[in-house]
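Colleague: I would like a close look at one part of this model, namely the sheet and what packs around it. Please take me through it strand by strand, and then outward to the rest.

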Amino acid sequence: MTDGAGEVATVLVAADKFKGSLTAVQVAERVTAGLRRVVPGLAVETLPVADGGDGTVAAAVAAGFERREVTVSGPLGEPVTAAYALRGSTAVVEMAEASGLQLLPAGVFAPLTATTYGSGELLRAALDAGATSIVFGVGGSATTDGGAGMLAALGARFLDAQGAPVGPGGGALAGLASADLSGVDPRFAEVEFVLASDVDNPLTGPKGCAAVYGPQKGATPDDVATLDAALAHYAQILEKAIGPKAAELAASPGAGGAGGIGYGALLLGASFRPGIELMLDVLGFAPALDRATLVITGEGSLDEQTLHGKAPAGVAAAARAAGKPVVAVCGRLALSADALAGAGISRAYPLTALEPDPAKSMPNAGPLLERVAESIAREHLA
């Protein structure tokens with residue numbers, strides 16, 4: 001099978017999940033099936049991608065990492081089974097596996113009390129497995145505790161005025177009287193630790209994690225004010241403990257990632273990189289891109305957020321730089337043709353073009369996506 005230029009066609013499917021419908025791996029499988037229904041024997045390479053949020057470990061496993069499971073504390077303190085990915089001495093750790101919204105019971109939110117303690121336990125498990133390089137993907141969190149729970153799991157002490165440990169969650173940080181990071185696992189001084197996030201928010205303020213992301217975790221306006229003030233107080237107490245670096249890091253891009261766990265990671269010495277950029281490196285995207293004549297990317301909703309560091313934008317930017325054409329698949333499309341072109345995507349194929357009713361398109365996303373892929377094959381490969 002050749003493309004329009006006479007070159008043997010190789011399609012690279014590098015799409016994120018369709019949240020609530022299909023994992024990134026399932027998206028790749030369905031697109032492949034649809035393409036090959038029109039072009040039997042077509043060379044298709046699949047590289048499910050993620051931007052650091054939920055689905056990051058699954059993408060790493062699909063790229064050849066080993067899945068490791070461990071029991072940790074969930075966002076409400078209950079035991080949960082969480083996974084990280086390991087290849088050689090490189091680990092991919094996803095905070096949502098331990099502290100994610102998806103771990104809460106349906107309809108239950110805990111904006112003031114949800115903890116990142118289990119994320120710290122997950123990082124420690126990766127260290128115990130011999131990881132000397134850790135990619136820490138943050139996003140999809142149930143928490144707004146500034147990473148205090150994670151740090152506590154790694155040996156930090158956060159005490160109230162009576163000398164007792166403060167309770168779980170961001171709300172309890174209002175009662176923080178002293179902080180001591182001297183007991184933090186010393187292995188963090190030795191490892192390469194990289195924070196992968198698709199947000200560059202600071203810890204506090206109008207663009208901070210409580211104000212911007214608290215409401216989607218169930219925080220009322222009063223809760224947002226409480227959390228923002230508690231996080232500001234937390235940073236002030238840490239400044240007393242470790243000096244002006246604490247304030248500098250609180251204002252740094254990425255500190256507000258996943259309810260402020262980004263701040264905790266920066267305190268541990270992490271460097272910050274945009275999640276999709278880092279994950280493409282880890283997953284081996286560049287050599288796969290070299291082999292491709294057409295790239296198909298996508299996610300559940302192509303909208304304004306996509307343009308700000310989400311996986312399809314990162315894939316399209318890299319493909320455009322390499323001179324490779326890109327089309328996208330999605331559940332719904334809320335971007336103009338000009339906006340898509342500006343991102344390096346020549347055309348998007350939404351499932352809503354086949355089934356406008358989301359109540360019908362979401363449960364039938366798999367078969368619909370195969371039909372969309374057939375259209376792509378007919379228009380770009382046949």
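Modeller: In this predicted model, a good place to begin is valine 13, which stands opposite threonine 46 in β2. The two strands concerned, β1 (residues 10-13) and β2, pair in the parallel sense over 4 bridges. They belong to an open sheet of 5 strands, ordered β2-β1-β11-β12-β13, in which the pairing is parallel. Its edges are formed by β2 (43-46) and β13 (347-350), each of which pairs on one side only, and neighbouring strands of the sheet are turned against each other by 25° on average, direction ignored.

Towards the β13 edge, β12 and β13 run parallel and are joined by 4 bridges; here cysteine 330 has proline 350 in β13 as its bridge partner. The same two strands, together with helix α13 (residues 337-343), make a right-handed β-α-β unit.

Two further helices lie across the sheet. Helix α1 (residues 24-38) lies across β1, β2, β11 (294-302) and β12 (326-333), and runs at about 175° to β2, whereas helix α15 (residues 365-380) lies across β11, β12 and β13, running at about 150° to β13.

Turning from the sheet to the nonpolar cores, one may recall that in soluble globular proteins nonpolar side chains tend to be buried together. The largest nonpolar core here has 54 residues, and those with the most contacts inside it are Phe136, Phe158, Phe193, Tyr234 and Tyr263. A second, separate core of 38 residues includes Ala85, Leu278, Leu335 and Leu340.

Phe136 deserves a closer reading, since its contacts, leaving aside neighbours within four places in sequence, include Val93, Met95, Leu123, Met150, Phe193, Ile261 and Ala265. Phe136 also forms one aromatic cluster with Phe188 and Phe193, and the structure as a whole holds 4 aromatic pairs.

A last detail concerns helix α9 (residues 257-267), in which alanine 258 lies. Alanine 258 has a positive phi of about 50° although it is not a glycine. With a relative accessible area of 11%, alanine 258 falls under the 20% cut-off and therefore counts as buried.

Terms used
Residues numbered from 1 in each chain as written. Predicted model: local features only at pLDDT ≥ 70, side-chain atom pairs only at ≥ 80, totals over all residues. Heavy atoms only, no water. Buried < 20%, exposed > 50% of the residue type's maximum accessible area, 1.4 Å probe, protein only. Phe/Tyr/Trp six-rings, centres within 6.5 Å; stacked < 30°, edge-to-face > 60°. Pairing = 2+ DSSP bridges. Axes fitted to C-alpha atoms, helices over the stretch in contact; angles between N-to-C directions. Contact = heavy atoms within 4.5 Å. Right-handed = clockwise from strand over helix to strand, strands pointing away. Core = buried A, V, L, I, M, F, W, Y, C linked by side-chain atoms within 4.5 Å.
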